[in-house]
Amino acid sequence: MKHLNMGSEDAPKWYFATTILINGEEQEIIPAFTDYSIRRKCLEKNKTYESIDKSKLLPTVFCFCDAKPFYAENVPLYDYVGNKIKNLPDNAPAVMVYLDKADNVNLLGLTDEPLQAELVECDSVADAYRRVATTAYFSQCPSKDEWIGYAGIVTGDELLLNIRSFSEKYSISGTAVQGYFGISTTVSLLQSKALAMSSSLFKEEYRTYEQAEQLMKATVQAFGVKAAKQTRYIKAINYGISQYDFDTVCDVLNSIEATEKLRIEAAKCEDKISCIQHLIIERVIEMRNAQQQ
């Protein structure tokens, strides 16, 4: 991206321009955006941005269309930084409207190399955005589960690889599976590890695959398969483990009877966590009192 003065020295009008490559020929254009364009992220403020190896980006094709339908329908156009595009001189680069795509919406201005581009013929503004909407419908961003897999395979972190394997084996979300392993991560942390290729994520204590499996089976025994896959159940169980210990809570879960299960199931969604916590505490107290008699 570069600044072009489309005004005069006394009254400058700066616009952002870039060079694209269409059919093997370079062409300088002013990329235009509308009020309906996807809002780009300000990646420069993200700490992960500085660590990313930009050469690892997969190839992508930027799509543009002629600005004529937009002018004809009085749709305002803006340049890359939001300047309204109007009253350009005859010698100005062509204005081409960027057609949003998930894989490159934040890549404009990232490199000085000409952008691989394609000019799409659009009959109207509606036609242009129908194409954008259709492409967006079939696009997909990685889920947290998939970021766990990326971070694991890039860093070689055995814990993350185990979480991903556990998630696939039992069809449980990565967030819930992390609970069984006794950890919690954010998507931004997983992204930073997958992109920056840093060392192992977790140096603190966490549960082994066997322990996670033991806890999951105890949860199934206590509350059923459907409940065992829900984050709020393992969250409540982890609270119990933090108050007592792993083996004690597993024993409690394996001793829960049908009437208690029904009580938990009947609780309102927002009460389930506290109900499970209270149940575990009650059972631990009962178990210890029985052992002392």
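# Aromatic pairs, helix contacts and loops

Phe16, Phe33, Phe64, Tyr80 and Tyr98 together make up one aromatic cluster. The structure that contains this cluster is a predicted model, and the description below proceeds from its aromatic rings to its helices and then to two of its loops. Across the whole structure, a search finds 14 aromatic pairs.

A pair of aromatic rings is described by the distance of the centres and the angle of the planes. One of the pairs is formed by Phe181 and Tyr209, whose rings are 6.2 Å apart from centre to centre, with 70° between the planes. This arrangement is edge-to-face, because planes over 60 degrees apart are counted in that class. Phe181 belongs to helix α6 (residues 174-181) and Tyr209 to helix α8, so the pair ties together parts that are 28 residues apart in sequence. Phe181 counts as buried, with a relative accessibility of 1%. Tyr209 is buried too, at a relative accessible area of 15%, a value that falls in this class because the limit is under 20%.

Another aromatic pair consists of Phe223 and Tyr233, with 5.3 Å from centre to centre and 55° between the planes, and this pair is tilted. Phe223 is part of helix α8 and Tyr233 is part of helix α10 (residues 231-243), so the pair ties together parts that are ten residues apart in sequence. Both rings belong to buried residues: Phe223 has a relative accessible area of 8%, and Tyr233 has one of 3%.

Helix α8 also meets another helix. The axes of α8 (residues 209-223) and α11 (residues 246-255) come within 7 Å and cross at roughly 30°. The two helices are therefore roughly parallel, since angles under 35 degrees are placed in that class. The crossing in which α8 passes α11 is left-handed. On the side of α8, the contact is made by Gln211, Gln214, Leu215, Ala218, Thr219, Gln221, Ala222 and Phe223. On the side of α11, the residues are Phe246, Asp247, Cys250, Leu253 and Asn254. Sorted by class, the residues of this contact comprise seven nonpolar, five polar and one charged. Phe223 thus appears in two settings: in the contact with α11 and in the aromatic pair with Tyr233.

A further helix pair is formed by α12 (residues 258-266) and α13 (residues 272-292), whose axes come within 9 Å and cross at roughly 155°. The two are therefore roughly antiparallel to each other, because angles over 145 degrees are assigned to that class. Glu260, Arg263, Ile264 and Glu265 of α12 make the contact with Lys272, Cys275, Ile276, Leu279, Glu282 and Arg283 of α13. By class, the contact of α12 with α13 has four nonpolar, no polar and six charged residues.

Attention now turns to helix α7 (residues 187-196), in which Leu190 lies. Leu190 is buried, with a relative accessible area of 0%. Its C-alpha atom is separated by 6.2 Å from that of Ile148, although the two residues are 42 residues apart along the chain. The buried residues of α7 are Leu190, Ser192, Lys193 and Ala194. What covers these buried residues includes α1 (47-51), α4 (144-155) and α5 (158-170).

One of these covering helices, α5, holds Ser167. At 8% relative accessibility, Ser167 counts as buried. When its neighbours within four places in sequence are left aside, Ser167 is in contact with Asp145, Ile172, Ser173, Gly174 and Val177.

Two asparagine residues in loops complete the account. Asn23 is found in the loop between β2 (14-22) and β3 (25-32). Asn23 has a positive phi of about 55°, although it is not a glycine. With a relative accessible area of 76%, Asn23 is exposed. Asn74 occupies the loop between α2 (68-72) and β5 (94-99). Phi of Asn74 is near 60°, again a positive value in a residue other than glycine. Asn74 is exposed, with a relative accessible area of 68%.

Methods. Residues are numbered from 1 along each chain as its sequence is written. This is a predicted model: local features need pLDDT of at least 70, side-chain atom pairs count only at pLDDT 80 or more; totals for chains, interfaces and linings use all residues. Side-chain values use heavy atoms; hydrogens and water are left out. Axes are lines fitted to C-alpha atoms, for helices over the stretch in contact, and angles run from 0 to 180 degrees between N-to-C directions. Helices (H or I, at least four residues) and strands (E, at least two) are DSSP runs, numbered from the N terminus. Angles under 35 degrees count as roughly parallel, over 145 as roughly antiparallel, 65 to 115 as roughly perpendicular and the rest as oblique. A crossing is left-handed if the near helix is turned anticlockwise from the far one by less than a right angle, and right-handed if clockwise. Contact means heavy atoms within 4.5 Å. Ala, Val, Leu, Ile, Met, Phe, Trp, Tyr, Cys and Pro count as nonpolar, Asp, Glu, Lys and Arg as charged, and the others, Gly among them, as polar. Rings of Phe, Tyr and Trp (its six-membered ring) pair if their centres lie within 6.5 Å; planes under 30 degrees apart count as stacked, over 60 as edge-to-face and the rest as tilted. Buried means under 20% relative accessible area, exposed over 50%, partly exposed in between (1.4 Å probe, protein chains only).
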